[in-house]
Amino acid sequence: MTRIILLILAASALALATPAAAQSPAPQADPAVVEAFVAATWKSTTGDWRARVDQDATQKACTASNNEPTGPLFDQIRDRESATVVFPADGKVLGDWKKGAQVAQRGTGGQFSDQANTYRGGNCYACHQMSKAEVSFGTLGPSLNGYGKLHRFDAAEARKTYAKIYNSMSVLPCSQMPRFGHAKFLSDEQIKDVVAYLYDPESPVNK
Amino acid sequence: MRIRTSAIAALTAACAVLGVGLLAGGHAQGQQPEQDLSEKEIERYRAMISDPMSNPGFLNVDRGEQLWSLKRGAKNVSLETCDLGVGTGKLEGAYAKLPRYFADAGKVMDLEQRLLFCMTTLQELDTKDVIARRFSGPGRVSDMEDLVGFIANKSSGMKIEPQVSHPKEQEMLSVGEAMFYRRSAVMDFSCATCHAAEGKRIRLQGLPDFSKPGKAAQETMGSWPTYRVSQSQMRTMQHRLWDCYRQMRMPAPDYASDGLTALTVFMMKQAQGGEIAVPSIKR
């Protein structure tokens with residue numbers, strides 16, 4: 001057991017000690033050729049699933065700009081994505097934080113190995129620290145611990161957060177964060193719940 | 001066999017427990033002057049990987065060896081005259097130079113594509129059943145996983161030598177790189193979302209950075225195919241990419257399709273010079 005512990009620590013120490021190598025100059029591929037390869041790779045995909053293979057205008061622009069759109073392209077993407085944000089009809093963006101905890105925790109749903117009725121989670125913990133009690137969190141996104149408190153539990157701020165989660169790119173074009181509401185991956189109800197998870201003073205996020 | 005299984009279970013548990021402490025704090029701690037110890041431990045780990053008694057992947061290697069010389073197909077011949085790129089029937093070092101361009105097929109192929117090609121052309125074997133069993137599962141062995149395990153093992157101890165001189169290989173490299181950065185599907189993910197920064201993790205799983213050449217890519221590509229303890233099966237790169245596309249919420253990519261080979265070319269390029277030690281054992 002100790003042996004394995006040591007070797008894993010050792011391996012990571014070694015990895016850290018290696019200097020970053022230079023970027024390899026690879027020839028640029030013709031986008032039409034790339035798309036032909038993509039089509040061939042999902043040749044047997046049919047029906048609703050097929051739409052996932054093709055890129056929408058924003059995915060295309062983000063890929064082409066290496067996720068760093070500048071100038072008019074930045075504004076264009078932000079405006080297009082902002083236009084997709086739909087707030088709940090009753091104007092309330094705060095749901096049930098306890099249900100929001102589920103949305104944040106669960107990473108199931110939407111995979112080709114799932115059933116159509118498999119619960120779809122937001123899997124926020126895959127990328128964000130949230131509650132201090134949850135130690136299994138990823139680091140692709142910033143820590144959201146104490147998020148509501150940090151924003152003084154302000155109603156206008158919560159509304160902005162709803163929009164962020166509904167469509168991350170309405171705030172930051174080419175964000176690595178999924179556009180959960182726009183993609184219809186999460187329901188409006190789920191987004192409200194997870195906003196409450198971030199903003200409710202009773203939520204473990206703010207403890 | 002029972003002893004072996006429990007040893008592996010212990011190993012998985014150790015990795016899982018460790019993952020918590022290591023990934024949460026490891027990177028912040030900076031470099032430790034433990035180089036000597038590290039080298040020794042890595043040596044020991046290597047020895048364990050290549051020990052047929054503690055790595056069930058060697059059962060696949062043995063089965064693969066038998067399949068390689070098994071006569072089948074309409075022609076009732078073995079695969080022994082299949083050219084994997086380094087000469088007819090030659091196995092040593094072939095995997096270290098795959099994928100590569102094959103003039104007889106007029107395209108770049110990874111090992112799995114090449115094996116299917118040889119089955120079809122040399123043996124005249126109907127590969128439908130082989131493809132149906134491409135990934136093993138409970139009560140289902142995979143000829144492909146066995147053959148890849150056997151053949152890749154013949155490159156163990158050698159260095160990864162990506163083949164990128166032929167124009168078709170060049171094209172594969174550039175397409176592979178483009179596919180690596182291509183965002184799509186309901187999550188807007190690309191491979192780069194998860195594999196283009198150093199020291200990032202998703203939940204507690206460390207994510208290798210393939211955006212630049214070097215250690216992360218070398219260690220990864222030099223360790224596939226691998227025996228996955230969590231799945232109790234030998235897995236090949238085809239399966240790994242299928243699984244990553246599943247996480248991306250993309251549809252299942254077609255087995256042995258050219259896009260997967262392109263991605264493999266790109267990652268092998270980033271892994272140039274890495275040492276191959278397969279089949280390895282992973283979580």
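## The smaller cavity

In this predicted model, the second largest cavity comes out at about 50 Å³. Residues from both chains line this cavity: A:V38 and A:W42 from one, and B:M179, B:R182, B:S184, B:C191, B:Y245, B:M248 and B:M250 from the other. Sorted by class, that wall is seven nonpolar residues, one polar and one charged.

## The largest cavity

Searching the whole structure for cavities of 30 Å³ or more turns up two. The largest cavity has a volume of about 170 Å³. Its lining runs to 14 residues, and the ones nearest the centre are B:Y95, B:D110, B:L111, B:M237 and B:T264.

Three helices of chain B, namely α4, α10 (237-247) and α11 (258-270), each put at least two residues into the lining of the largest cavity. The class split for this lining is nine nonpolar, three polar and two charged residues.

## Helix α4 of chain B

Helix α4 of chain B covers residues 111-123, and its length checks out: 13 residues at 1.5 Å each should span 18 Å, and the end C-alpha atoms sit 17 Å apart, so the two agree. At the start of α4(B), B:D110 brings a side-chain oxygen to within 3.2 Å of the backbone nitrogen of B:E112. B:D110 also turned up among the residues nearest the centre of the largest cavity. Just past the other end of the helix, B:E124 has a positive phi of about 55°.

Which residues of α4(B) are buried? They are B:L111, B:E112, B:Q113, B:R114, B:L115, B:L116, B:C118, B:M119 and B:Q123. As background for reading that list, an α-helix has 3.6 residues a turn, so residues three or four places apart point the same way.

## Disulfides

Over all chains, the search finds two disulfides. One of them pairs B:C82 with B:C118, with the sulfurs 2.0 Å apart. This pair ties together distant parts of the chain: B:C82 is in the loop between α3 (57-68) and β1 (100-102) of chain B, while B:C118 is in helix α4 of chain B, 36 residues apart. The S-S torsion is about 70°, so this disulfide is right-handed. B:C82 counts as buried because its relative accessibility is 0%, and B:C118 is buried too, at 2%.

In chain A, A:C62 is joined to A:C174 with an S to S distance of 2.1 Å. Here the linked parts are 112 residues apart, with A:C62 in helix α4 of chain A and A:C174 in the loop between α8 (155-166) and α9 (188-199) of chain A. What is the handedness of the A:C62 and A:C174 disulfide? The torsion about its S-S bond is about -90°, so it is left-handed. A:C62 has 0% relative accessibility and therefore counts as buried, and A:C174 is buried as well, with a relative accessible area of 4%.

## Cysteines without a partner

Why does A:C124 not bond to A:C127? The A:C127 sulfur is the closest cysteine sulfur to that of A:C124, but at 8.7 Å it is too far for a bond. A:C124 is buried, at 14% relative accessibility. For A:C127, the closest cysteine sulfur is across in B:C194, 6.8 Å away, which is again too far for a bond.

## The second largest pocket

On the open side of things, the second largest pocket has a volume of about 830 Å³. There are 29 lining residues, and those closest to the centre are A:T63, A:A64, A:N66, B:A178 and B:Y181. Two or more residues each come from α2 (31-41) and α4 (57-64) of chain A, and from α7 (167-181) and α8 (191-195) of chain B.

The top contributor to this pocket lining is α7(B), with four residues. By class, the pocket wall has 12 nonpolar, 11 polar and six charged residues.

## A histidine before α7 of chain B

B:H166 sits in the loop between α6 (143-153) and α7 of chain B. Is B:H166 buried or partly exposed? At 28% relative accessibility, B:H166 counts as partly exposed. A polar atom of the B:H166 side chain is 2.9 Å from the backbone nitrogen of B:K168. As for the disulfide cysteine B:C82, the C-alpha atoms of B:H166 and B:C82 are 21 Å apart, with their positions 84 residues apart along the chain.

Notes:
Residues numbered from 1 in each chain as written. Chains lettered and ligands numbered in written order. Predicted model: local features only at pLDDT ≥ 70, side-chain atom pairs only at ≥ 80, totals over all residues. Heavy atoms only, no water. 1 Å grid on protein atoms, 1.4 Å probe; cavity = no way out; pocket = protein on both sides within 12 Å on 5 of 7 lines; lining within 4 Å. Points joined across faces, edges and corners; volume = space filled by probe spheres on them. Nonpolar A, V, L, I, M, F, W, Y, C, P; charged D, E, K, R; others polar. Expected span 1.5 Å × (residues − 1). Buried < 20%, exposed > 50% of the residue type's maximum accessible area, 1.4 Å probe, protein only. Polar contact = N/O pair within 3.5 Å; in protein donor to acceptor, adjacent residues only side chain to side chain. Disulfide = S-S within 2.5 Å.
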